[in-house]
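Here's a quick look at a two-chain complex, starting with one helix and then moving on to the interface and the confidence scores. Have a look at the model first.

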Amino acid sequence: MAERRLWRGLALPGVVWLLLFVVVPAYAVLAVAMGQIDSLLQPVPVWNPFDWNVGFIKEAFAGVVPGGTYWSATRNTILYVSATVALCFAIGYPVAYYIARLSGRKKGLLLLLIFLPFWVSYLMRMLAWIGLLAPNGYVNEVLSAVGFGHTDWLDGNPFSVIAALTYGYIPYFILPVYAGLDRIDMRLLEAARDLGASRPWTFLRVTLPLSWPSILAGTVLIVLPMFGDYYTNDLISGSPNTNMLGNSVNLLVQGGSQKNLGAAMVVVLMTILAIGMLYYLWETNRQARARA
Amino acid sequence: MNVEVVKSFEKKYGVGVELSTFSTIDEAIAKLATGAVGYDVFVPTQPYISLLVAGKIIQPLNHTYVPNLEREVWRSLRSPWYDVGSRYTVPYTVFSTGIAWRNDFLPDYDPTQYSNPYQSFWEATDISGRVGMLDDQREGLGMALLRNGVTDVNTGSEKHVDAAANALKELIGLVNLRFYTNEYQHLADGSVWLHQAWSGDMVSIPYYLPKGTPVTAVSYWWPEDGRGLMGNDTFAVLKGAKNPVLAHLFLNHLLEIDTALLNMEFTGYQQPLTEMTPERVLEEELIPENLTTAIVREDQFEHGFLQGPLSAEGMGIWESAWSEVKTT
């Protein structure tokens, strides 16, 4: 009994943290999204759920479906985030796999190289890319030197936005995948080979399924911030043709009388992401049960 | 604001001044409305003055502490239509919103060749992806209104504002329009060749041009007769100011020509003072000769289309229209 209390007590700081920094802010967003606006155009949160005005929420949900005001931003967000996750997997998984199979100093060095980008602010890294991708930047200079000619990377095209998102978020994907791959018991791979499985077959039937939870964790880690990202798009594109939902939220909350609608858009984002999170929880539970 | 301006005030009156900046005016108003912040002076952009007065955030001025208002400021701004009798504010900066372009990339471009110069944006299809507009609701829709022949840049007419929004949506499709507020950087690095621009930003553009690009590579146009978009910022004393006399003296300090020139050296933005002529700022080497069009003269200001406050209904119309433009 005392031991059970001790374990519950240890969870207390985490619970308090969640209440203060997750539940309370989420409730504040709801209170603003279903609140009013004062004569100074400032949103007035309504804390009592019985007084909530659902008009902004309805408007926000109606805006993100096909034909709605924010549909193009929703479509772009889904497309760009999906393409970025695919690229992060295609590039990040082999990198994580390679590092996990190394040992000693080389492993430490490569991990350090993966961590290095964290030491520079995300904004600074994106600003550096603007310099590199500019019409007379190094990327175009190199491409011209090898005969490819100039490309307008910064002319508001979606490929540059996807490339920038991939560059910005890939370290967050690699690290959990590396941790997952590193934990795989090598004896399982040896057993598969002893039972006659070829190398590719061992990878497909043993390594990949065992690393699935870490791939999911990496995906969640990059998808959550990408759904709210607006500055990558602002810096690399600047064109409304590549707007994402984060840009719409930023537009609404930055000024004027539409801040409640901006908060309602955040509720829409939270709902979309909650669906993804529920899948993640269900899948990790399923995996845990299977292991048990 | 140039910190040297603040330092010169501190030295003059033997006091300390703390300068705080906000990302947007809405953020500033949100903080000021709580009454929890103890500032004395505030720099509101002009269209927000009526809101600040109605919200009892700023206090009436005592003009006896601000003699430079009568002595130095343009006659037309001593009692402006948005604040008759300068009861609550004194003018800070004035600026025009015109067209800037890289003449080294567009040697044949000349907005005056068009019967409506703003139409040139809609005809710039051959430089798609290199055309930009200020990421600002009032400026973007304001230019589209002028392109459509509507000169009331503070209109509350849904018909006119929607037509302006539709024109911008068409423009996005035609030239893959980009939206920036740091147009001086994009023009300087050559990623954009034609951009709607603020005059003060063009004054500062020489500092952003890469090595080897001469300042003469940038041109700025605004109607010579002044019939173009204009805006201004103001100074006000806050209702709960703990040092109201010093606050007034600070306003007066800012309206001195030497202070204004010192400030322009850093910000690029001019003040509406009688001595702050294009000739004077050229003489002070604050602006290159090819960009003197970025200085607004008093006679131009009198004919310009000054952005002012919108009605509550008008604000809703403009915001919805801008949301549609930005989420095309």
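Let's start in chain A, where the buried residues of H2(A) pack against helix H1 (2–33) and helix H12 (259–291) of chain A. H2(A) itself covers residues 55–63, and its buried residues are Phe56(A), Ile57(A), Ala60(A) and Gly63(A). Look down the axis of H2(A) and these buried residues fall within an arc of 130°, so they line one face of the helix. The spacing fits a simple rule: an α-helix has 3.6 residues a turn, so residues three or four places apart point the same way.

Now for the interface. Chain B and chain A each put 27 residues into the contact. On the chain B side, helix H2 (25–34), helix H3 (49–54), strand E5 (178–180) and helix H14 (312–326) each supply at least two residues. The largest share comes from H14(B), with 7 residues. Sorted by class, the side of chain B that touches chain A looks like this:

| Class | Residues on the chain B side |
|---|---|
| Nonpolar | 11 residues |
| Polar | 10 residues |
| Charged | 6 residues |

How far can you lean on all this? The model is predicted, and the predictor gives the complex an ipTM of 0.74 and a pTM of 0.83. Chain B averages a pLDDT of 92, with 100% of its residues scoring at least 70. Among the elements of chain B, strand E6 (residues 194–198) has the highest mean pLDDT, 97, while H2(B) has the lowest, 82. H2(B) is also one of the elements that supply residues to the side touching chain A.

Conventions. Residues are numbered from 1 along each chain as its sequence is written. Chains are lettered from A and ligands numbered from 1 in the order in which they are written. This is a predicted model: local features need pLDDT of at least 70, side-chain atom pairs count only at pLDDT 80 or more; totals for chains, interfaces and linings use all residues. Two residues are in contact if their C-beta atoms, placed from the backbone, lie within 7 Å. Helices (H or I, at least four residues) and strands (E, at least two) are DSSP runs, numbered from the N terminus. Ala, Val, Leu, Ile, Met, Phe, Trp, Tyr, Cys and Pro count as nonpolar, Asp, Glu, Lys and Arg as charged, and the others, Gly among them, as polar. pLDDT is the predictor's confidence in each residue, from 0 to 100. A residue is buried if 20 or more other C-beta atoms lie within 10 Å of its own, exposed if 12 or fewer, and partly exposed in between; C-beta atoms are placed from the backbone. The arc is that of the directions from the helix axis to the C-beta atoms.
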